[in-house]
Amino acid sequence: MAAPFWGKLWRAKGSPPFLWIRRGASGNGSRGPDVPGEAQHPASATEGGQKLTRMWQKEGIRNIVLNHPQKRNALSLSMLRSLREDILHDIENTDLRVIIIAGEGPVFSSGHDLKELSHKTGEKHHMEVFKTCAEIMTLLPKLPVPVIAKVNGLATAAGCQLVASCDIAVASEKSKFATPGVNVGLFCSTPAVAVGRSLPRKVALEMLFTGEPMTAQEALLHGLISRVVPEDRLEEETLRIAHKIRESSRAVVALGKATFYKQIEQDIGTAYRVTSQVMVDNLAMTDGQEGIEAFISKRKPSWSHS
Amino acid sequence: MAAPFWGKLWRAKGSPPFLWIRRGASGNGSRGPDVPGEAQHPASATEGGQKLTRMWQKEGIRNIVLNHPQKRNALSLSMLRSLREDILHDIENTDLRVIIIAGEGPVFSSGHDLKELSHKTGEKHHMEVFKTCAEIMTLLPKLPVPVIAKVNGLATAAGCQLVASCDIAVASEKSKFATPGVNVGLFCSTPAVAVGRSLPRKVALEMLFTGEPMTAQEALLHGLISRVVPEDRLEEETLRIAHKIRESSRAVVALGKATFYKQIEQDIGTAYRVTSQVMVDNLAMTDGQEGIEAFISKRKPSWSHS
Amino acid sequence: MAAPFWGKLWRAKGSPPFLWIRRGASGNGSRGPDVPGEAQHPASATEGGQKLTRMWQKEGIRNIVLNHPQKRNALSLSMLRSLREDILHDIENTDLRVIIIAGEGPVFSSGHDLKELSHKTGEKHHMEVFKTCAEIMTLLPKLPVPVIAKVNGLATAAGCQLVASCDIAVASEKSKFATPGVNVGLFCSTPAVAVGRSLPRKVALEMLFTGEPMTAQEALLHGLISRVVPEDRLEEETLRIAHKIRESSRAVVALGKATFYKQIEQDIGTAYRVTSQVMVDNLAMTDGQEGIEAFISKRKPSWSHS
């Protein structure tokens, strides 16, 4: 049973190819002296003229910051679209090697904007919000580069779902995680898809039923995040992981990531058949051959990212 | 793809509707000065005239106590039936908001009564025991209210399975958990269904193969339970969780619980389609609308539990 | 729905019956004064005349040692075949009760031999390596006896996969675990099948994307292994578990192990139907009856291992 060529693998399951359609005027202005950018794009998603996400990319690392602290970085439809745009921007460019998602201010994200979910906005709008949100959450595993959540503060409801949906999550010690929808009569059923697959059943249900927050240490203990550090080391530790990923071949990482998510939902026999073929395909890639040759010759590999 | 209305959701998968058929004479006498009850029912399941479970309900919280300490609260067929009766008693009544299951004495439950499993009782009786037990374990996730195991002591075999099958489990520090069937030539294969879904594979198998007990701290570390407290705070902590759950809308919690167990066995794509629809349905519920309105108006919500 | 008799259960899913075909001359010489063996077999898999695994069995406990420390116990095709042979050797003999797999030297195993995966060896050879490896990993859960990984050092790539594929894993505090294939352009996609099923999603992906090692304590915290001990207690602790397993009926353990892996991939309803029947079958076994009788009579059971 032959596995499909890896390049097709992470586009599978009916997702559209990652063609980023440039909208509006091109702009490359600096977003501030502290965030010098190599590549930037116009913010097409705005709320009252304010950009809801900031994005800059430097030496292969794309930073996306949820940037609406006045509204606790609520995942409004505008915010979700802005986030999706920043994620998909020029995603096929091999210069991009890893994405980091963070939040401006003390709240990573408070989840959906409840004002968008009132009776007035109507069911059609509600469905649009949840569909867009689910699309982003399921998009993350399909991206050809790893996505790291960098959390420094509170992540609740769909904000907690976003953390749970990234490949890797690093959090400062002061961070907290909760699914408090039940307090406002809206059970966190969509966040539960991601949270319930990251935490042991009972821990997830206690969170969902009580709405109470979990500390970063508890989140690490139970598997919701992969690393906890003191706040003053959050940037350094997240970048350390990003730099480590940047040392590898993008093509190999893309194949590995796509294969991981594919096989993890299969039974073990199928998973081994699929991955054994993937290993053979990986070895036949330019970077697969280069890596092995370099190892045997005891030299540093030089990646072509193909 | 439209999701079914939530009210039907937790009755799905072929389970019978939760109609409690009152058997025997009605009684509402106190079960002792320390357990004043709002609602009590006659104990139809007895062994030698002794009631095997105690049940009382107060302000929305139902307490069920396995009450056969002389036999280490063995899950005999009588005990299982008594437990099922107390669980299902008037379950559709919206006054009921959460169930707590505990054990009288130093043993939460020692699992099946081995005397019922001897050669003499016969295969038909054995099957009746396991079927009844499995029915209760699979009933718990289908109930419209959360179920908390309150463990203060040893929980072994089917007793450990009962803990693993509740939605939430709080244990005192002295509690221990084991699946020791292998010691008496009866591998804990039914307990392994619940235990194997709560613990990492290797931890579960070491427990099952050696029969040795795990401490409460280990059980928390590995996800079998959701919380550990000193013995003198067990009651307080369990009630704190129960009270928190009681603050929410029963209808919203019921929808959330049913949806959680439904989606967790689905692939992620299906899970998001189902839960996105559930979120829209949740918002259309009376309590969904009330919760959002109250939040926007910065007032306390007033639930109708519908 | 009747479950198949247990004896057939662990042979299910298309695996061949465990017939060990004796190859080459019979030999029973001691492999050294420190490892007196009851049963030993000729090493048919050699590399340059050197045996790649050592195997000895004493009082029901089979020890298999990856014995190529000069090559960091690389899982070359020869090593894999030698390992498979030692695992399957006389596997149907009821004298065998538990298998312990360890590694000679400071590295448990470094995974595949990269020299075998160069362009020169060719795709056909590559596939043979991965197929043989996957065959062994999926063989372990199907064996009628528990398999314990005893890790004292570094376990990487397919070496980490081997640890993750055993039923139980005990490690010394100094042990480390990594999936560093990405460093040499070969993503650990086959190891990810086992590692991804043992660790929380994010922890597994951070390991796979960075290639960085995890400590034994982290591996325990996250569920990759089931026990960590100081190095000087590794032998004692591993044997303690093995001795505990040896006290039980082999037939009961075999049924329990086969059933565990069968039910864990099923939905809960099916799992309970299958295991309820298995419990009844277990009780009908000679050792099932003996165990219950002995318990009721308050005497030690005497197993026939059937």
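Start where two chains meet: between chain C and chain A, the count is two salt bridges. Keep in mind as you click around that this is a predicted model.

**Stop 1: chain C against chain A**

To see one of those bridges, select C:E206 and A:R227. They form a salt bridge, with the closest N and O atoms 2.6 Å apart. Polar contacts are here too: 12 residue pairs between chain C and chain A, both partners at pLDDT 80 or more. Now colour the elements of chain C that give two or more residues to this side: α3 (123-139), α4, α5 (189-195), α6 (201-210) and α7. The largest share, nine residues, comes from α6(C).

Next, show the whole contact, which takes 42 residues from chain C and 54 residues from chain A. Together the two chains bury about 4,300 Å², 67% of it on carbon and sulfur atoms. Pick out C:K202, C:E206 and C:F209, because these supply 18% of the area that chain C buries against chain A, more than any other three residues.**Stop 2: chain C against chain B**

Swing round to the other partner. Here the contact takes 54 residues from chain C and 42 residues from chain B. The area buried between them is about 4,300 Å², with 67% on carbon and sulfur atoms. Select C:F260, C:Y272 and C:M279: they supply 18% of what chain C buries against chain B, more than any other three residues.

Which residues should you pick to see a salt bridge between side chains here? Try C:R227 and B:E206, which meet at 2.6 Å, N to O. Between chain C and chain B the count is two salt bridges, and there are 12 residue pairs in polar contact (both at pLDDT 80 or more). On chain C, the elements that each supply at least two residues to this side include α8 (234-246), α9 (250-263) and α10 (268-284). The largest share, 12 residues, comes from α10(C).

**Stop 3: a strand inside chain A**

Hide the other chains and select residues 147-151 of chain A, which make up strand β7. Five of the five residues are buried, so this strand is largely enclosed by the rest of the structure. Both faces are covered: A:V147, A:A149 and A:V151 are buried on one side, and A:I148 and A:K150 on the other.

Now add the strands beside it. β5 (residues 98-103) of chain A pairs with β7(A) in the parallel sense over three bridges, and the bridge partner of A:I99 is A:V147. β9 (residues 168-172) of chain A also pairs with β7(A) in the parallel sense, over four bridges. Click A:A149 and you will find A:A169 of β9(A) standing opposite.

**Stop 4: A:H112**

Stay in chain A and select A:H112. It lies in the loop between β6 (107-109) and α3 (123-139). Is A:H112 buried or exposed? A:H112 is buried, with a relative accessible area of 10%. To see what surrounds it, show its contacts beyond the neighbours within four places in sequence: A:A74, A:L75, A:L117, A:V129, A:F130, A:C133 and A:A158.

**Stop 5: a sheet in chain B**

Finish in chain B with an open sheet of four strands, in the order β6-β8-β10-β11 and with mixed pairing. Its edge strands are β6 (107-109) and β11 (214-215), each pairing on one side only. Zoom in on β8 (residues 154-156) and β10 (residues 176-178) of chain B, which run parallel and are joined by three bridges. B:A155 stands opposite B:F177 in β10(B). Last, switch on helix α4 (residues 158-165) of chain B: the helix lies across β6, β8 and β10 of that chain, running at about 100° to β8(B).

Note on methods. Residues are numbered from 1 along each chain as its sequence is written. Chains are lettered from A and ligands numbered from 1 in the order in which they are written. This is a predicted model: local features need pLDDT of at least 70, side-chain atom pairs count only at pLDDT 80 or more; totals for chains, interfaces and linings use all residues. Side-chain values use heavy atoms; hydrogens and water are left out. Buried means under 20% relative accessible area, exposed over 50%, partly exposed in between (1.4 Å probe, protein chains only). Contact means heavy atoms within 4.5 Å. Two strands pair if DSSP finds at least two bridges between them. Axes are lines fitted to C-alpha atoms, for helices over the stretch in contact, and angles run from 0 to 180 degrees between N-to-C directions. Buried area is the accessible area (1.4 Å probe) that two parts lose on being put together, summed over both. A salt bridge is a side-chain nitrogen of Lys or Arg within 4 Å of a carboxyl oxygen of Asp or Glu. A polar contact is a pair of N or O atoms within 3.5 Å; within protein, one must be able to donate a hydrogen and the other to accept it, and residues adjacent in sequence count only if both atoms are side-chain atoms.
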